[in-house]
Amino acid sequence: MRKEDEERVAARLAKVMAMMCVRNTKLEDIHAGVVPVTKTGDYSDVVVLDAEGRKIPWLEVSHIDDSQMRDLMKEIVDRLYTFHMRFDDPEFQAKIDRWEAVAAKWDQPELKVSGVEP
């Protein structure tokens with residue numbers, strides 16, 4: 001396969017896999033933040049005071065804890081596994097084609113060698 005064809009296929013797969021396997025997961029419900037200490041265990045006793053003096057309940061503030069990260073990663077791994085196992089299934093291929101139309105509007109990926117190293 002020619003290098004530019006290989007790059008095109010890899011870019012297509014990267015975007016469609018990100019769309020189908022990462023987007024629309026628990027990630028949509030979680031945003032980065034500092035995990036505070038809670039005495040109740042459910043964070044109902046935690047608020048964030050912002051620069052305008054608003055007291056924002058922790059459950060409305062962007063955050064992720066270890067358990068949420070574990071659940072998110074499990075969901076992503078399961079979706080990636082499903083993607084690979086069903087890739088040749090014509091019905092699944094039709095779903096890939098539909099999602100690819102959306103993902104095609106994203107920026108082209110860049111090769112980040114250090115991004116895949118632990």
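Reader: Is Asn 24 buried, partly exposed or exposed?
Author: In this predicted model, Asn 24 is found in the loop between H1 and strand E1 (47-49). Its relative accessibility is 39%. Buried means under 20% and exposed means over 50%, so Asn 24, at 39%, counts as partly exposed.

Reader: What is the phi of Asn 24 near?
Author: Asn 24 is a residue other than glycine. Its phi is nevertheless positive, with a value near 65°.

Reader: Which other loop residue has a phi near 65°, and is that residue buried or exposed?
Author: Tyr 43 has a positive phi near 65° and is a residue other than glycine. Tyr 43 lies in the loop between H1 and E1. The relative accessible area of Tyr 43 is 18%, and the limit for burial is under 20%. Tyr 43 is therefore buried.

Reader: Where is Thr 25 found, and what is its relative accessible area?
Author: Thr 25 is found in the loop between H1 and E1. Thr 25 counts as buried because its value is under 20%. Its relative accessible area is 5%.

Reader: Which residues does Thr 25 touch, not counting those up to four places away in sequence?
Author: Helix H2 covers residues 66-86. Thr 25 itself is placed in the loop between H1 and E1. Not counting residues up to four places away in sequence, Thr 25 touches Leu 72, Glu 75, Ile 76 and Arg 79.

Reader: What pattern does the chain follow along the sequence?
Author: The secondary structure comes to three helices and two strands. The helices include H1 (3-22) and H3 (90-103), and H2 spans residues 66-86. Read along the sequence, the pattern is α-β-β-α-α.

Reader: Which residues form the largest nonpolar core, and which helix gives the most to it?
Author: The largest nonpolar core has seven residues: Val 16, Met 17, Met 20, Cys 21, Phe 83, Phe 92 and Ile 96. Helix H1 (3-22) and helix H3 (90-103) each supply at least two of these residues. With four residues, the helix that gives the most is H1.

Reader: Which residues are named in the other core that lies apart from it?
Author: The largest nonpolar core has seven residues, among them Phe 83 and Phe 92. Apart from that core lies another, of five residues. Among its members are Val 46, Ile 56, Trp 58 and Val 61.

Reader: In which helix is Phe 83 found, and is Phe 83 buried or exposed?
Author: Phe 83 is found in helix H2 (residues 66-86). Its relative accessibility is 2%, and buried means under 20%. Phe 83 therefore counts as buried.

Reader: Which residues is Phe 83 in contact with, leaving aside its neighbours within four places in sequence?
Author: Phe 83 is one of the residues of the largest nonpolar core. Leaving aside neighbours within four places in sequence, Phe 83 is in contact with Leu 13, Val 16, Met 17, Met 20, Cys 21, Phe 92 and Ile 96.

Reader: What separates the C-alpha atoms of Phe 83 and Gly 41?
Author: Phe 83 and Gly 41 are 42 residues apart along the chain. Their C-alpha atoms are separated by 36 Å.

Reader: Is Asp 107 buried or exposed, and how many Å apart are Asp 107 and Asp 45?
Author: Asp 107 lies in the segment after H3. At 69% relative accessibility, Asp 107 is over the 50% limit and so counts as exposed. Asp 107 and Asp 45 are 62 residues apart in sequence; C-alpha to C-alpha, the distance is 41 Å.

Reader: How many Å separate the C-alpha atoms of Met 1 and Asp 107?
Author: Met 1 lies in the segment before H1 and is exposed, with a relative accessible area of 74%. Met 1 and Asp 107 are 106 residues apart along the chain. Their C-alpha atoms are separated by 23 Å.

Reader: What radius of gyration does the chain have?
Author: The C-alpha trace spans about 60 × 30 × 30 Å along its principal axes. A compact globule of 118 residues would have a radius of gyration near 13 Å. The chain has 19 Å.

Reader: What share of the 118 residues counts as buried?
Author: The chain exposes about 9200 Å², of which carbon and sulfur atoms supply 57%. Of the 118 residues, the share that counts as buried is 19%.

How values were computed
Residues are numbered from 1 along each chain as its sequence is written. This is a predicted model: local features need pLDDT of at least 70, side-chain atom pairs count only at pLDDT 80 or more; totals for chains, interfaces and linings use all residues. Side-chain values use heavy atoms; hydrogens and water are left out. The radius of gyration is taken over C-alpha atoms; the globule rule is 2.2 Å times the number of residues to the power 0.38. Buried means under 20% relative accessible area, exposed over 50%, partly exposed in between (1.4 Å probe, protein chains only). Accessible areas come from the Shrake-Rupley method with a 1.4 Å probe; for residues, only the protein chains shown count as cover. A nonpolar core is a set of buried Ala, Val, Leu, Ile, Met, Phe, Trp, Tyr and Cys residues joined through side-chain atoms within 4.5 Å. Contact means heavy atoms within 4.5 Å.
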